[in-house]
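Opening the notebook on this one. I want to go through burial, overall shape, domains and the chain-chain contact, in that order.

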Amino acid sequence: MSEIALQQSRPGLRVPAGWIVTGLVALAILVPYAAPETFGWAKTYPARWIVPISDWLKAFLYWLARDLSFGLFTFKDMTRFVSGLFGYALDVPKALFSSGITFGDEPGAFHIPRLSWAGIIAAVTIWSYMLGGLRLAVLGFVGFGYILVFGQWDSAMVTLSQVILAVLTGVGGGIALGILAFRLPRLEGAVVAALDFMQTIPTFAYLVPLVFLVGVGPVSGMLATILYAMPPMVRVTMMALKRVPPELDELARMTGCIPRQTLWKVLIPSARDDLLVGVNQVIMLTLNMIIIAAMIGAGGLGFDVLNALRQANGLGKGLEAGLAVVALAIVLDRMSRAMVELRPVHGAEARRRRYLVGAGFALLIGFTLLSFAIPALEQLPAELRISTGNMWSDVVSWVNIHLFSTADALRTFLLIYILVPMKTFMVGFPWVGLLALVWGGAWSLGGWRFATGMTALMAFIPVAGLWERGMTTVYLCSISVVIATLIGLPLGFLGSRSERMHNALGAMCDTLQTLPSFVYLLPVVMLFRIGDVSALVAIVLYAMVPAIRYTDHGLRRVPPSLQEAGTMAGCTGTQRLAKVELPYAMPEIMLGVNQVIMMALSMLVVSSFVGTNDLGKQIQVAISQADPGKGLSAGLAIAFLGILADRMIGRWVAARRTRMGL
Amino acid sequence: MAMASLAPVSPTVPPAKVRAASDAPPALICRNLWKVYGANADAFLRENPEPTPADIHAAGLFAAVRDATLEIRQGEIFIIMGLSGSGKSTLVRCLSRLVEPTAGSVFYEHQNLLRMTPGELIQLRRHKMGMVFQNFALLPHRTVLGNVAFPLEVQGLPKEEREARARKVIELVGLGERAGHYPRELSGGQQQRVGIARSLAVEPALWFLDEPFSALDPLIRHEMQNEFLRLQRMLSKTIVFITHDFDEAIRLGDRIAIMKDGVIIQVGTAEELVLTPASDYVSAFTGHVSRAKVLSAGGVCVPAVPGEALGPVVAARALVAEVAEAVLGSELPAAVVDAEGTLVGKLDRATVIANLVGGGQ
């Protein structure tokens, strides 16, 4: 086919190359349907052609774990050393927040209590007040208060101690790597490529090799979290350092700074705001991942949620823990964002800040010291806690009774008329036809070389023997993306038309993005039980945000002069939207759709918990069976799908923008 | 007889500059300085020591500074003036070696700057040089005091000492009240005062100012120019001052170098530039300036016929604007005398009026 494409520019050729490509693609799709006996191999990928990639990956990882040696030490020694190191490091925040320190085993042994809940709540409230005024203080107090009163404190503190260590490591490591890439331009390209790849790999794929190399437990959960949360910090650091005004660099040189002084006294402090934005991102990603990492034994709130999902009647408990995750996420997010906004001040205001910070520490330590004498300050007595477990169970059963028929009707409708036919169609689609389709689409966007690369990515799925699960993934993902876009576009449009709507949507999107993906599963399962519909709804909810944001932003960016030109040409409102604004905003909107796809792919893996049978399921199974080959190959397949979508849409947007001269 | 140099400031006339003696020894010298951007620019210059613009363009290179030769004297305010893209910023960065010149030499106090090791350069910058930046380049996370003390901190001075010294400089620029403020709490003019104070904190002998007042409003700019002249009267630094504003150049500068496309077209006092422009480009700049504020009585006077009856006596160094009142108030032409009192010529009303009204020539 590539030869025909090349003829495109040759003079004298009558038939446009586009027609030939279209014809060939149509042939590749139709022929396997028309002549199943002769071309059966083109419809269903023959089992004897499957390349045992999973086995190779498995063998490679076994080789890593058993045989690889660096001379003085083996790979296994290295992973043991690293996990041991993190194990010890984790003991510190764990002792502080969750367990305290007990000397000896016998009852009555000397016990240093953990930080008192009263102290933590007081400090969080005061510091929130310092950072963001009364509103943030109320939020902090209510959030941590909820966690305490509803008996989620112990789990939440396990999670918080992991978050703290993971954030410290992620931020520190991210800044260090970012500085390195900034200082050594030769390294920069490699770092950027690695970051790009790491960000397309779904979260779960990190878990598989870690379980294999490090084993199940809090440490591998932590390591997975750090690996997941650190890349954005590297990126932010590189960008932040580049954005420091060149005059400041000149200033450093003119005052005779040595390189170390330039970095630490001039560049890093000047990049403070950008770096803090990175810290906020690391915190949110950490929280998201640490909940998922409960699957490999991270414990804490994630474990409670997971456990609830696994039990038949556990939903009430699960919701309680899920809300605690939400509370923790929102409070940490808003506090770290307020920190970005905080400007240096002098005089009375600065003294007030110092006083508030000091008061927070004083109360934290004071209450903790008091809890030597009053154990209730270390552990809130059970009779003072409220469990809404029953209440939530009641809510669940109320929902089941009152909403069930509606939800079930919707579910059945979706299944019978959309999901099942789509799935059957996609899984039964000829693999040759699909590859031809990808090739043709990519060819029209970027020529034959680009098309070949994209097709190779797609070919991984049949070649690795992942056809059925892969196509289930493609089908779930594409339906979710379509629905999310159909919901997001009108919402974004409304947001672009009114300030009030814009602010309301902004607040909603902020909250949706703060929630760890795992939490989405709970209400969804409550309504739609286990199955593809639940997964679909969870994915749509999770992935919808960028569709709203980018549409809103894209339409807002249409220059007023262009809108006036449309109106003066006599457009009706609808005409103006369809003929002027949407075409102008289209590249921006497509970037939003691209984000939707990425988020849908990552959520797909998480939602395999509620009973889909896609690549995510394979990763999940691989984790429980500790089969790293299967998990990795499924992870790679998802990553390839992501890269495929990203590059194709990227090409389209770039071409469109060039054409419009943007 | 009013002397131009230390006359009291009158509303119509800019505050007098401290004119450096024109025989002061040179402090900073650059010779045949080139800055060419592009691949293998240094090899290209070695092979073509005197390339034409066409040669450079043909080689795919870009010359920001071409064959610049300057002698900046001890204690003078030397202005490098040109439009954006003329290479003035690159030239000053070559003089301070913020930008590595492609060819040529830079001497400061008989040391070749371009031969210095990084360590020597750091020492030189820490103790001998100060620089003020167009967009202030204040460190946002430090107070006024912290910013001004920064160069001293870099040198490793103990906290008390550097803060005491910084406070003195802050007083000097009139910001004593605001030592605890952060840059974002200050107005543009105040921010640049901090920038000036910081560059003076190390008591440099050589002071670079890169368009220091360009980012300020016209009124504030005027005020800051006066402030700058006041400081220079006290401190007598050797100054390299960059501007794109010819009015600023003639107000502040002892001598002015005009740059275009990387080449220094002419170096001279404001009066020399107005009276004998080297090219149409220079006269285009000088054309619109108020000649009365640039030209001296000695520069515009005509020879007097011996024995002619002359009115008031004016100094040859005085500006036309300064002597206008005296000349216009008299029926007879004024007698123009030099510093020794020797008659050099006469100045009549018509000439003064022509120079007062005439922006153009």
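**Burial.** I started with chain B and how much of it is tucked away: of its 361 residues, 45% count as buried. Note to self that this is a predicted model, so everything here is computed from that prediction.

**Overall shape of B.** Next I looked up the extents, and the C-alpha trace of chain B spans about 70 × 55 × 35 Å along its principal axes. I then checked the radius of gyration. Chain B comes out at 23 Å, and this agrees with a compact globule because 361 residues would put such a globule near 21 Å.

**Make-up of B.** I pulled the secondary structure tally and got 14 helices and 13 strands for chain B. I also looked at how far along the sequence its contacts reach. Taking the contacts in chain B between residues at least 6 apart, I find that 67% join residues at least 24 apart.

**Domains of B.** The domain assignment splits chain B into domain 1, residues 26-288, and domain 2, residues 292-357. I got 36 Å between the C-alpha centres of domain 1 and domain 2 of chain B. Their contact draws five residues from domain 1 of chain B and four residues from domain 2 of chain B. Which helix supplies the largest share of the domain 1 side in chain B? I found helix H10 of chain B, residues 270-275, with four residues. By class, that domain 1 side has four nonpolar residues, one charged and no polar ones.

**A against B.** Then I turned to the contact between the chains, where 21 residues of chain A meet 22 residues of chain B. On the chain A side, the elements giving two or more residues are helix H11 (246-254) and helix H12 (259-270) of chain A. H11(A) gives the most, with six residues. I sorted the chain A side by class as well and have 10 nonpolar, six polar and five charged residues.

**One residue in A.** Last, I picked out Val192(A), which sits in helix H8 of chain A, residues 185-200. Is Val192(A) buried or exposed? Neither quite: Val192(A) is partly exposed, because 14 other C-beta atoms lie within 10 Å, while a buried call needs 20 or more and an exposed one 12 or fewer. I also took a distance from there to Gly446(A), 254 residues away along the chain, and the two C-alpha atoms are separated by 23 Å.

Key:
Residues numbered from 1 in each chain as written. Chains lettered and ligands numbered in written order. Predicted model: local features only at pLDDT ≥ 70, side-chain atom pairs only at ≥ 80, totals over all residues. Contact = placed C-beta atoms within 7 Å. Nonpolar A, V, L, I, M, F, W, Y, C, P; charged D, E, K, R; others polar. Rg over C-alpha atoms; globule rule 2.2 N^0.38 Å. Domains from an automatic or database assignment.
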